[in-house]
Amino acid sequence: MRVFSGSSASLLVGGFLVNVGTFAVYPYLAVVLRDRLGVGMAEVGVVLGAAMLVQFASAPVTAAVAERIGLKRALTGATVLYALGAVAYLTGPVVLGLFLSCGAGALYSPAYRGYLAHSATPEQRPRLVSAGNAASNLGIAVGPVVGAVFLHDPTRLFSMTSVLYATLLVGHAFLRAEAPTERSEPVRRVLRGLARTPFAVTVVTHYIYMQFYQYLSVFVDGRLPTTGYGVIMMGYSLGLAVVQPLVATRVGRLGYPVALAVGFSCLALGMLAFAGGTVVTIAVGVAAISAGTAVLFLKNDLEALAQSTRSATVTFGQQRLAAGLGAFLSGVLGGAVYGWLAAAGVEPAFWLVVAVQCAVLPLLVLRLASRRP
């Protein structure tokens with residue numbers, strides 16, 4: 001059975017390259033903002049936090065907009081915004097570039113996933129959705145390496161990303177327009193038809209996952225060389241890109257509670273391994289989390305598509321909002337807990353606390369969902 005059409009394959013390449021351009025810049029934005037604006041890290045954190053909040057919180061609206069104007073047009077428009085953001089980085093107004101890039105991401109992400117899922121049958125969706133995620137994760141893995149090459153010459157970095165997005169703009173303009181669907185609902189109803197259980201589980205998934213992504217770098221400082229940590233994190237993204245397509249069909253067939261048990265067990269194992277604080281235990285923990293998130297990210301999206309009464313594009317926008325809420329909670333709650341335990345001199349205990357949450361929170365969400373009429 002043919003799963004990947006020419007347009008789908010072209011878009012997978014585009015999704016990979018978009019994230020190469022984005023993550024060649026994103027990991028180093030704090031340095032760029034500090035140097036360009038001449039402000040402290042507290043101000044830099046506020047700017048970055050506001051930009052990320054705008055990107056995630058606007059996703060349901062941008063998804064509804066993409067549904068109304070057409071997915072091909074939305075993808076092309078998002079690429080225009082990416083290119084304008086890269087030019088802004090290059091010419092000086094770096095904050096403008098940041099918000100243009102975040103706006104582009106908010107529009108591109110649901111349209112990208114919606115386009116891939118639009119013409120797929122339920123049997124094809126696991127492979128297409130996982131392939132889209134794999135292409136994105138491969139870009140996330142490669143992007144920081146590209147950015148590191150140009151880190152000490154931001155002009156060359158932003159020139160490269162400007163050329164990259166201009167090329168992608170031309171490529172997206174030649175995508176085949178998707179077949180028309182039923183009339184979309186008004187934008188004000190962006191949360192109508194929400195798949196509540198997958199939405200809530202996605203919030204929990206990203207709340208736990210972002211504890212790893214945000215605080216492991218602080219925990220390993222002094223325990224691992226910087227290059228070693230970079231290699232391990234690159235391995236995480238590469239593992240996610242490889243594992244998810246391999247298990248896509250099997251994950252699609254799993255019942256939702258079983259998939260959650262597998263995924264959150266892997267996350268709990270990874271968090272427990274981090275508490276060891278050695279190179280080996282941290283590498284093992286990252287590998288376990290890569291496997292767990294490969295299952296959870298895919299199954300949450302597939303379950304949302306199955307339960308939602310909205311289009312794939314709007315459903316992916318709603319799921320992106322859930323991811324943003326989880327990341328926000330991780331910053332607010334996880335940061336407070338980590339700071340308290342670090343001040344007490346028991347930083348490894350943080351990972352034990354998160355491991356307990358891996359067991360408790362999914363069960364709590366499913367129990368509450370079972371009581372809902």
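Which residue follows H4, and what is the sign of its phi? In this predicted model, H4 is followed by Gly70. The phi of Gly70 is positive, near 105°.

Helix H4 itself spans residues 59–69. Several of its residues are buried: Ala59, Pro60, Thr62, Ala63, Ala64, Ala66 and Glu67. An α-helix has 3.6 residues a turn, so residues three or four places apart point the same way. Glu67 has a relative accessible area of 17%. It counts as buried because the cut-off is under 20%.

Glu67 also takes part in a salt bridge. Its partner is Arg310, and the two side chains meet at 3.9 Å, N to O. Side chains of opposite charge can pair when their charged atoms come close. The pair links distant parts of the chain. Glu67 sits in helix H4, whereas Arg310 sits in the loop between H12 and H13. The two residues are 243 residues apart. Arg310 is buried too, with a relative accessible area of 11%. The count of salt bridges in the model comes to 1.

The largest nonpolar core holds 39 residues. Within this core, Ile208, Phe212, Leu216, Met271 and Phe274 touch the most other members. Six helices each supply at least two residues: H9, H10, H11 (256–274), H12 (279–307), H13 (312–343) and H14 (348–371). The largest share, 11 residues, comes from H9. One core member, Leu216, shows how such contacts run. Residues up to four places away in sequence are not counted here. Leu216 then touches Gln211, Tyr229, Met233, Phe274, Ile282, Val286 and Trp351. Apart from this core lies another, of 24 residues. Among its members are Tyr82, Leu107, Ala111 and Tyr115.

A polar residue can be followed in the same way. Gln211 lies in helix H9, which covers residues 196–220. Is Gln211 buried or exposed? Gln211 is buried, because its relative accessible area is 1%. The side chain of Gln211 makes a polar contact with the side chain of Tyr207, at 3.3 Å. Neighbours within four places in sequence are again left aside for its other contacts. Gln211 is then in contact with Leu216, Ser330, Gly334, Phe350, Trp351 and Val354. Trp351 is thus listed as a contact of Gln211, and Trp351 is touched by Leu216 as well.

Gly143 provides a further buried site. Its place is in helix H7. Gly143 counts as buried because its relative accessibility is 0%. Leaving aside neighbours within four places in sequence, Gly143 is in contact with Val20, Phe23 and Ala24. Its C-alpha atom is separated from that of Leu17 by 8.7 Å. Along the chain, Gly143 and Leu17 are 126 residues apart.

Helix H7 also contributes to the surface. A nonpolar patch there is formed by Leu138, Val145, Met234 and Leu238. Together these residues have about 270 Å² of accessible area. Two elements give two or more residues to the patch: helix H7 (125–149) and helix H10 (226–253). Leu238 is found in helix H10. Leu238 counts as partly exposed because its relative accessibility is 32%. Helix H10 therefore has two roles, as it gives residues to the surface patch and supplies at least two residues of the largest core.

Note on methods. Residues numbered from 1 in each chain as written. Predicted model: local features only at pLDDT ≥ 70, side-chain atom pairs only at ≥ 80, totals over all residues. Heavy atoms only, no water. Buried < 20%, exposed > 50% of the residue type's maximum accessible area, 1.4 Å probe, protein only. Helix = DSSP H or I, 4+ residues; strand = E, 2+ residues; numbered from the N terminus. Polar contact = N/O pair within 3.5 Å; in protein donor to acceptor, adjacent residues only side chain to side chain. Contact = heavy atoms within 4.5 Å. Patch = residues over 30% accessible without salt bridge, like charges linked within 9 Å, V, L, I, M, F, W, Y side chains within 5 Å. Areas by Shrake-Rupley, 256 points an atom, 1.4 Å probe, with all protein chains shown as cover. Salt bridge = Lys/Arg side-chain N within 4 Å of Asp/Glu carboxyl O. Core = buried A, V, L, I, M, F, W, Y, C linked by side-chain atoms within 4.5 Å.
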